[in-house]
Every structure is written in structure tokens, then in C-alpha cells.
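Please work through the following exercises with the sequence and the three-dimensional structure at hand, and try each task before reading its solution.

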Amino acid sequence: MEREITIYIIIIVYMAVMIGIGLYAKTKIRSSEDYHLAGRRLGPIMLAGTLAATEIGGGSSVGVAAKAYGAWGISAGWYVIATGLGIFLVSFIAPYMRRAVAMTVPEIIGRRYGNSSYLITTVLSLAALVALGAAQITATATIVHVLTGFDSHYAIVVSGVIVVFYTWLGGMWSVTLTDFVQFFLIVFGFAIAVPVALSMLDGGWQFVVNNVPEKQFEFTRLGWKTIIGLTVMYFMTFATGQEAVQRYYSARSERVALTGSLLCSLFMAIYAFIPAVLGLIALAAFPSIEPNNALATVSVNLLPPLVSGLLLSAVISATLSSASGDLLGAASIYTQDIHARYISPDLTPEQNLRLSRLVVLVVGLISIAIALWSGEIIALLMFAFTLRATGPFAAYLFGLLWEKATPRAGLWSIIFGCLAGLGWQLAGEPYGIMAIIAGSLTSVAVFLLVAWRETSRGVPPAPSAYPPAPPEA
């Protein structure tokens, strides 16, 4: 009992510190741009920290440990390596994102391709962010369930309420500051957890080797096709995902966007295989638990109270932080791309700020409902990535990089890319090709075909994605 009390106290104190940071961040908010983009003042270290903390959420911690416990073994670490490689590739697009001086992904689509493309992308992005928020709430709930013994559904509700409050409090300033602390704590906490957990086993690493099937140690068990597919998938989804793109928009400059992104990819590589090793330790010591509970079970049963409390605090906060970014992204898209455009174009900054907070509440409730219905983590992530990346991928990428992109190329690539991606997923991903890859490649092919046809007919390029340069003094 004393052990549990110690863990509870550490988590409560840690969460109080995070809420304190959020309250401090709230004092910095003067406008909707401060709330959604931290005033576009993030430096490279802060940008790298908030990007990494956003991606090291439920999928890259609880989800990787669960996959290592189950089908993938130690090769589950490639899930995080692929994430870092995806961010590395996005780094070279990041300066163009920042140069656009936008707030959302649909905003860029709308500038270049018109209202129909804009509306479709808005709906896809909003639906995906709600699903992503549900996945992160589910990941948080698994920790709460194992730690407290709460019913899983009750744990989802409690976790979801905390996420909504945390996001409502301080917007991007709050998310960035807490992300910065959380990322370094989670890497430090996980790095300590591995040797400490092994020291609690009779025989240490040899105990794991003796009690885990040999196939679980195959370094590339999930297959090179899957590894490459994950890398391509993450490049595609981070290049179009609001929760990632919004952070690039928040950078102080184009150079900061590039530098911070490259640093983030390095941070991910350092962290990659740590949760996978913890998943194998869980399999060796606790062979009959639910895979989603692997990380929390090791923390509660093998680690000393201080280490366990810090690790669980970091995991809970990281998953909350990822969910917070998803909810904030959804609020940005609704206020900027739906309400301000179609319902009330004359919102004052104060009204926009109040509306953003209201949307966070509504989106949070919907995400909680999805989490209660599904209970999956990786599956929800994959669905959300497919939904938001397959259609808009080519339109957004070419919209930033290619001046000669044509209006209908954007629209048709969004429609056919999305249909191909979802159709491929419903078909069970034939030939082992991920739906997001099939859909995104379709969107690229359709975009180039329509752009070539329109250009050959003399159709002028779509308007620029970038605001006009200020006049010289």
C-alpha cells in the first residue's frame, strides 16, 4: 500500500507542476494566434521538444511496448525509427510551411485550389484529429487502469476529462512548454527504467532471453517492407497532419523550422528501442496480461516507487500532450476553416479565443466517445493517418513546392487519393501495401496527370500559397 501511495503522490505532484506551467502559459495568451501558434515565436530547441513529445505519445510508448509484447518483438522499435525518419524527410519541406504564414493545412489548400478542395480537406483533417485524440486518450487510460485498478471505461473518461482541461487551459503555449519538459523526462525515465527493471529479475537480461520466444528478438521481424512503409507513411502524414504542421507554423523563422525538425528526428532515434525492450521484459515476467498493459505492468510491479512514479507520470503526460495537440489542431481547423469562413467571418480575436476553447470541449467529448467504443491504439492511429493524408498529400505538397500547380489538379487528387486510400484499407491492404501509401501515390499520379492536361490546354497556375512580400523601404 505504501508503494502505491508513493507512486500516486509523485504523479499528483508532477501533474500539478504541468498544470502550473499551463497556468503560466495562459498569462501569455493575448490573441487567437498566441493560443493556436504560440505567437510564432518558437526557437529550435523548443520546436524540437514539442514535435518529439507530440509524436512520442500513445503509439510510440504504450503502443510500441504492446507490439513488442505481441507480434513484433524487439523490431517494434522500428515504429519509432520510422517516425524519426519521416520527420527527417519533412524537415526539408518545413521552411516552406513556415514561409506560408498559415494556421492550418486546409488554409494552404484553399489558397491554391479553391473552395471545394478547401472544404473536403477541412472535413478529412477534422475527422482524423478526433480519431487521433481518441487513440491518445486510450493510451493514457491503459496507464490509469493498471495503476489504479479503475474500470477501463472509467479510466478513459477520467483521462479524457484531464486532456480537455489541459488543452482548454493554455493552447499552444501551454502545450509547448509542457512538451519540452515531458520529452526530456520521458527519455530519461525510460532509459533508467530498463536497467532498473532488469535488476529486479532473477538473472537480469538472461531471464528475458530464457522466457521470451527466440523469434521476438529478430531485429527486423516486422519486415523491411513494413519498415519502409512506416517511414513513407509517417513522411506523408507528418507533411499533412495539422498537429505536426501547426508546430512548424509556430517556428520563429524558416531556418528554425528546419533546424528544430532535424533535431527532433535525432531525439526520436535516441529513444526508439527503449519501450520495445520494456515490452519484452513484460512478456518475460508477465506472460498472461493484455498487451496494452505491458508498459504499465512493468512500471507498477518491477520498478521502485520513485522510478515508477516518474516513468508513469512522463508516459501519462506525453500521451496527454499528444492528445492535447490533436484537440488544439481540431479547434484551429474548426475556428479558422469552418466557423470564420462559412458561419461568422467577422469574429473578433476575443470571440475566436472563446470559440476555440468551446471547440476543444466538444471535440474532446467526441474523442472520449470513440475511445470508449474502440479501445485500440495503433489501429486508430493508422486509420486517422490514412484518412487525413491520402487525399490532401499531393495537393498540399505540390501547393507549397510547385508554382505551376493547377486548381483542378488539387481537387481531383484529393478526391481520388482519399477514395483509393480508404478503399485499399477496406480491401485489407492487398499485397501488404499500406493504404496510406496506395492512396497517397494515387493522389500524386492524379495530380500530375490533371496538371499536365490543364497546362497543355493553357490553364493558368493556381494562386500562390505564400503571402506577397512586403514592399521594399
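**Exercise 1: two helices that cross**

H7 and H19 are roughly perpendicular to each other, a term for angles of 65 to 115 degrees, while angles under 35 degrees count as roughly parallel, over 145 as roughly antiparallel and the rest as oblique. The model is a predicted one, in which local features need pLDDT of at least 70 and side-chain atom pairs count only at pLDDT 80 or more, whereas totals for chains, interfaces and linings use all residues. Residues are numbered from 1 along each chain as its sequence is written, and side-chain values use heavy atoms, with hydrogens and water left out.

Task: find the angle and the axis distance for H7 and H19, and list the residues that make their contact.

Solution. Two packed helices are described by the angle between their axes and the distance between the axes. Helix H7 (residues 105–113) packs against helix H19 (residues 392–401) at an angle of about 70°, and their axes are 10 Å apart; helices here are DSSP runs (H or I, at least four residues; strands are E, at least two), numbered from the N terminus. The axes are lines fitted to C-alpha atoms, for helices over the stretch in contact, and the angles run from 0 to 180 degrees between N-to-C directions. On the H7 side the contact is made by Val 105, Ile 108, Ile 109, Arg 112 and Tyr 113, and on the H19 side by Pro 392, Ala 395, Tyr 396, Phe 398, Gly 399 and Leu 400, where contact means heavy atoms within 4.5 Å. By class, these are nine nonpolar, one polar and one charged residues; Ala, Val, Leu, Ile, Met, Phe, Trp, Tyr, Cys and Pro count as nonpolar, Asp, Glu, Lys and Arg as charged, and the others, Gly among them, as polar. As a last step, look at the covering of H19, where nine of its 10 residues are buried, that is, under 20% relative accessible area (exposed is over 50%, partly exposed in between, with a 1.4 Å probe and protein chains only).

**Exercise 2: a second pair, and one residue in it**

Task: describe how H3 and H12 are placed, and then say which residues Thr 54 is in contact with, leaving aside its neighbours within four places in sequence.

Solution. The axes of helix H3 (residues 44–55) and helix H12 (residues 242–249) come within 10 Å and cross at roughly 175°, which makes H3 roughly antiparallel to H12. H3 contributes Leu 47, Thr 50, Leu 51, Thr 54 and Glu 55 to the contact, and H12 contributes Glu 243, Ala 244, Arg 247 and Tyr 248; these divide into four nonpolar, two polar and three charged residues. Thr 54, found in helix H3, counts as buried because its relative accessibility is 4%. Beyond its sequence neighbours within four places, Thr 54 is in contact with Asp 179, Glu 243, Arg 247 and Ser 322. Thr 54 and Arg 247 are 193 residues apart along the chain, yet their C-alpha atoms are separated by 9.7 Å.

**Exercise 3: the sides of a helix**

Task: check the span of H13 and find where its buried residues lie.

Solution. At 1.5 Å a residue, the 18 residues of helix H13 (residues 254–271) should span 26 Å, which agrees with end C-alpha atoms 26 Å apart; the expected span is 1.5 Å times one less than the number of residues. The buried residues of H13 are Val 256, Ala 257, Gly 260, Ser 261, Cys 264, Ser 265, Phe 267, Met 268 and Tyr 271. They cover an arc of only 165° around the axis, which puts them on the same side of H13, the arc being that of the directions from the helix axis to the C-beta atoms. On the other side of H13, Arg 255 and Ile 270 are exposed.
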